[in-house]
Amino acid sequence: MTVIAFVTMGLTTASAQITWEQMQAGSDEQLLREWTKVLSLDEFGGRKPMTPYEDKTVDYLARQLEVMGLEPAFNGSWFQPFEMISVTAKPEGGRLSVSGKKKAVLHYPDDLIIWTSRATEIIDLKKAEYVFCGFGIYAPEYGWNDYEGIDVKGKIVVVMVNDPGFYDSNLFRGRNMTYYGRWTYKFEEAKRQGAAGCLVLHNTEAASYGWHVCVNGHLTNNLGIYNPDTRNADELAVRGWLHEDGLKKLFIAAGMDMDRALADAKKPGFKSFSLNVRGDVKMNVSYDIQKTRNVGGILRGSGQDGEALVFCAHWDHLGIGKADERGDTIYNGAADNASGMAGALLIAKKFKEMPPPRRDLVFFFPSSEESGLFGSAYYCDHPVVPMEKTVACLNFESIGPAELTRDVVILGGGESDLDRYYLAAAAAQGRYVYFDNDNSDGWFYRSDHYNFVKKGVPAVVLENGRHPVDVSKPNKYPMPVWYHKPSDEYHEDWDQSGTLSNVNLIFSVGLSLSSNSR
């Protein structure tokens, strides 16, 4: 009955006071469901950073960590604040007009979705030139440079999502996408090359998600880390996604063969070229500069070497936005990532019930993952424990719902000695590990652990397996049904058997890493 009271409190108010005794009375599955359910309630408003719903979310998480008896991670505080800019931008008249051999009009948001990270009320580029730069990649180690021999300074580059290996297994790492394939990299490189803007060509197969994800994620409140010294004036004036129909319009205006250009861009030796198409880009911009907060608690270990293990699960989602076919506007983010937060909280509880391990344990809930992994990027530059003392990052990303499988999938295997820990933990459960070398969707680069990897901290991504124990129970909620949609809501009929097994597997890995030598 104690657990029922706990559930009722969680459902009636997000600030319900929960005692440690009540938490201990709940089974692992009950707690996993409760935390997932509460954190994805409508009253959390989709957990958008820098909205009133941020306060509700981070306060709730801090309260859970406090009840468990963890210490605040950030110099006596549960919170690590940093400044962000939130930008909503729209092209004047809802369109961009271009002229080359012919004229064309690109409509927003059907043909393209654009925004900026600059703190300005207007973006006004006169007669901006469009340049097709293949994949927009400069990768000396792969002998690939799409920017060789072309000056893109002050121009708008149009680049393809993913990398050449997606189309030719002999290039780069084949279907195992490199970071060069990520849209975030495309913007970073275009900025380094001096471009005024960058449009990433969307392709559902190459991106691994539909156009609606681009629109829903960037229609309003685009986030970025804010630099008060520059007011982000050194950032690209224009960032955006270009629909394939929009690209067709550009090539028609250019009087060029789009299909041939796309085919050539996938081959070594491709030379980027100007489309000889120009057009004004004028965007009306509204922006807000506020602080957002990472959340963290620490469980002190018994050792004296200052080393730590980080458990990570981003708290943010997409907030309130475009309505779906049901008229629902709240992007609750139950799977993404209330389920991940629930998994991290459950592991925190498990460790608190045990004698302290040798290493410190940091339970870290970053902000702004959905907008570009900004919270974890800030943390990795301002860590609780130095990066060289952080033995691994165990990240929880969209772990539920999941049916129990005979296997478990690992992305990023072969890059560190973490493999052996996952192999041992899976074997103890009577399961086996499948090391997936088809990272064509770039999932390995799409969550917060990757900022730790860039700092030299080992991390892999755990995904549910592919071979259900009970094949008579198909997954009712596969990712395409809910990913970045208002339909990402908690349901009582969620299958949590696989989710719970995966949480226990990560707990086992964490137990070994927190106690063993490097």
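**Close-up 1. The surroundings of F187 and W115 in the predicted model.** F187 is buried, with a relative accessible area of 2%, in a model that is predicted. The residue belongs to helix α5 (residues 183-192), and its partner in an aromatic pair, W115, belongs to strand β5 (residues 112-115), so that the pair links parts of the chain that are 72 residues apart. W115 is likewise buried, at a relative accessible area of 4%. The two rings meet edge-to-face, with 5.9 Å from centre to centre and 85° between the planes. This pair is one of 32 aromatic pairs that the structure holds.

**Close-up 2. W144 and F172, a further edge-to-face pair.** The ring centres of W144 and F172 lie 5.7 Å apart, and the planes make an angle of 75°. W144 is part of strand β8 (residues 144-145), whereas F172 is found in the loop between β9 (156-160) and α5, which places the partners 28 residues apart in the chain. Both W144 and F172 are buried. The view can be widened to a cluster linked by ring pairs, which includes W144 and F172 together with F135, Y142, F166, Y167, Y179, Y180, Y185, F444, Y445 and Y450.

**Close-up 3. Charged side chains over aromatic rings, shown for K266 and R293.** The charged end of K266 is placed over the ring of Y167, at 4.1 Å from the ring centre, and Y167 is itself a member of the ring cluster that contains W144 and F172. R293 lies over the face of F79, with a distance of 4.6 Å to the ring centre.

**Close-up 4. The packing of helix α3 against helix α4.** Helix α3 comprises residues 28-39 and helix α4 residues 52-68, and the two pack at an angle of about 155° with their axes 11 Å apart. Because of this angle, α3 runs roughly antiparallel to α4. From α3 the contact involves W35, V38 and L39, and from α4 it involves T57, Y60, L61, Q64 and M68. Sorted by class, the residues of this contact are six nonpolar and two polar, with no charged residue.

**Close-up 5. The packing of helix α8 against helix α9.** The axes of α8 and helix α9 (residues 258-265) are 9 Å apart and enclose an angle of about 110°, and the two helices are therefore roughly perpendicular to each other. In the contact, L247, K248 and F251 of α8 meet M258, A261 and L262 of α9. Five of the residues in this contact are nonpolar and one is charged, while no polar residue takes part.

**Close-up 6. H243 and its contacts.** H243 is located in the loop between β12 (238-242) and α8 (244-254). With a relative accessibility of 18%, H243 counts as buried, because it falls under the 20% limit. When neighbours within four places in sequence are set aside, the residues in contact with H243 are D110, D111, L112, L201 and W211.

**Close-up 7. Two positions in strand β13, Q290 and N276.** Strand β13 spans residues 273-299 and contains Q290, which is partly exposed at a relative accessible area of 31%. Not counting residues up to four places away in sequence, Q290 touches M50, F82, E83 and M84. Between Q290 and T120 the C-alpha to C-alpha distance is 15 Å, although the two are 170 residues apart in sequence. N276, also placed in β13, has a phi near 55°, which is a positive value in a residue other than glycine. The relative accessibility of N276 is 57%, and the residue counts as exposed.

**Close-up 8. Backbone geometry in the loop between β18 and β19 and in helix α10.** Most residues other than glycine have a negative phi, and most peptide bonds are trans. S398, in the loop between β18 and β19, has a positive phi, near 50°, and counts as buried at 14% relative accessibility. The bond that joins G400 and P401 is a cis peptide bond, with omega about -5°, and P401 is placed in the loop between β18 (390-395) and β19 (407-411). A cis peptide bond is also present from D336 to N337, where omega is near 15°; N337 lies in helix α10, which covers residues 334-352.

Notes. Residues are numbered from 1 along each chain as its sequence is written. This is a predicted model: local features need pLDDT of at least 70, side-chain atom pairs count only at pLDDT 80 or more; totals for chains, interfaces and linings use all residues. Side-chain values use heavy atoms; hydrogens and water are left out. Axes are lines fitted to C-alpha atoms, for helices over the stretch in contact, and angles run from 0 to 180 degrees between N-to-C directions. Helices (H or I, at least four residues) and strands (E, at least two) are DSSP runs, numbered from the N terminus. Angles under 35 degrees count as roughly parallel, over 145 as roughly antiparallel, 65 to 115 as roughly perpendicular and the rest as oblique. Contact means heavy atoms within 4.5 Å. Ala, Val, Leu, Ile, Met, Phe, Trp, Tyr, Cys and Pro count as nonpolar, Asp, Glu, Lys and Arg as charged, and the others, Gly among them, as polar. Rings of Phe, Tyr and Trp (its six-membered ring) pair if their centres lie within 6.5 Å; planes under 30 degrees apart count as stacked, over 60 as edge-to-face and the rest as tilted. Buried means under 20% relative accessible area, exposed over 50%, partly exposed in between (1.4 Å probe, protein chains only). A charge sits over a ring if NZ of Lys or CZ of Arg is within 6 Å of the ring centre and within 35 degrees of the ring normal.
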